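Here is a short briefing to read alongside the structure. Keep the viewer open and follow the residues as they come up.

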Amino acid sequence: MPKQVPGEPYMRISVDEASQWYDDDDVTFIDVRRSDEYLEGHIKGALFITVDDILSRIDELPENDKLLFICAGGVRSGLACEMAAAMGLGSDRLFNIEEGTETWITKGYPTSEGSDL
């Protein structure tokens, strides 16, 4: 079950919880890792925007979707959630997948390698 830590403008979720939303039409996964990390393996269909580019590319995020941010271990994705909230996106739409991409891949959820762009 998604949980919110006091003071954080987003919800924290596990890889298993995120995987349950994978096929939902109103959910977008955003991978915020470096390009070399992304190319090694990522959530299939994830939008790739490095954490350093979130602020300059905020207009590329779908307006009404739940936004599930992922990185290697939850730190950069948490920062991306904070940035999105600072840009006015509602906290009810922002989710940080805490366990990271390696856990997603290890559990056998839909994954791609290389560039999907």
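Lys3 is partly exposed, because its relative accessible area is 44%, which lies between the 20% and 50% limits for that class. In this predicted model, the side chain of Lys3 meets that of Glu98 in a salt bridge, at 3.1 Å from N to O. That pair ties together distant parts of the chain, with Lys3 in the segment before β1 (11-13) and Glu98 in the loop between β6 (94-97) and α4 (101-106), 95 residues apart.

**Salt bridges around Glu98**

- Glu98 is itself partly exposed, with a relative accessible area of 23%.
- A salt bridge also joins Glu98 to Arg12, where the closest N and O atoms are 2.8 Å apart.
- This second pair links distant parts of the chain too: Arg12 belongs to strand β1, Glu98 sits in the loop between β6 and α4, and 86 residues separate them.
- Arg12 counts as partly exposed, since its relative accessibility is 22%.
- Which residues end up in one network here? Shared partners in salt bridges join Lys3, Glu8, Arg12 and Glu98.

**Other charged residues**

- The structure has ten salt bridges.
- One of them pairs Arg33 with Asp31, with 2.8 Å between the closest N and O atoms.
- Are Arg33 and Asp31 buried or exposed? Both Arg33 and Asp31 are buried.
- Glu37, which has its place in helix α2 (residues 35-40), is another charged side chain to look up.
- Glu37 counts as buried because its relative accessibility is 13%, under the 20% limit.
- Once neighbours within four places in sequence are set aside, the contacts of Glu37 are Ala72 and Arg76.
- Taken over the protein, the mean positions of the 10 positive and 24 negative charges lie 3 Å apart.

**Overall fold**

- The protein contains four helices and seven strands.
- In sequence order, these elements run β-α-β-α-β-β-β-α-β-α-β.
- The radius of gyration is 13 Å, close to the 13 Å that the globule rule gives for 117 residues, so the protein is as compact as a globular protein of that length.
- Its C-alpha trace spans about 35 × 30 × 25 Å along the principal axes.
- Of the 117 residues, 44% are buried.
- The accessible surface amounts to about 6000 Å², and carbon and sulfur atoms account for 49% of it.
- How many of the contacts between residues at least 6 apart in sequence join residues at least 24 apart? The share is 66%.

**Tyr10, before the first strand**

- Tyr10 lies in the segment before β1.
- With a relative accessible area of 4%, Tyr10 is buried, as this value is under 20%.
- Beyond its neighbours within four places in sequence, Tyr10 is in contact with Lys3, Gln4, Gly78, Cys81, Glu82, Ser91, Leu94 and Asn96.
- Lys3 is thus worth a second look: this contact of Tyr10 is also the salt-bridge partner of Glu98.
- Tyr10 and Leu67 are 57 residues apart in sequence, and their C-alpha atoms are 9.9 Å apart in space.

**Val27, in strand β2**

- Val27 has its place in strand β2 (residues 27-31).
- Buried or exposed? Val27 counts as buried, because its relative accessibility is 10%.
- Apart from neighbours within four places in sequence, Val27 is in contact with Trp21, Asp65, Lys66 and Leu68.
- The C-alpha atoms of Val27 and Arg93 are separated by 9.1 Å, although these positions lie 66 residues apart along the chain.

**Gly88, in a loop**

- Gly88 is found in the loop between α3 (75-86) and β6.
- Gly88 is exposed, as its relative accessible area is 62%, over the 50% limit.
- How far apart are Gly88 and Glu113 in space? Their C-alpha atoms are 32 Å apart, with a sequence separation of 25 residues.

Definitions and conventions:
Residues are numbered from 1 along each chain as its sequence is written. This is a predicted model: local features need pLDDT of at least 70, side-chain atom pairs count only at pLDDT 80 or more; totals for chains, interfaces and linings use all residues. Side-chain values use heavy atoms; hydrogens and water are left out. Helices (H or I, at least four residues) and strands (E, at least two) are DSSP runs, numbered from the N terminus. The radius of gyration is taken over C-alpha atoms; the globule rule is 2.2 Å times the number of residues to the power 0.38. Buried means under 20% relative accessible area, exposed over 50%, partly exposed in between (1.4 Å probe, protein chains only). Contact means heavy atoms within 4.5 Å. Accessible areas come from the Shrake-Rupley method with a 1.4 Å probe; for residues, only the protein chains shown count as cover. Lys and Arg count as positive and Asp and Glu as negative; His and the chain ends are not counted. The place of a charge is taken as NZ of Lys, CZ of Arg, CG of Asp or CD of Glu. A salt bridge is a side-chain nitrogen of Lys or Arg within 4 Å of a carboxyl oxygen of Asp or Glu.
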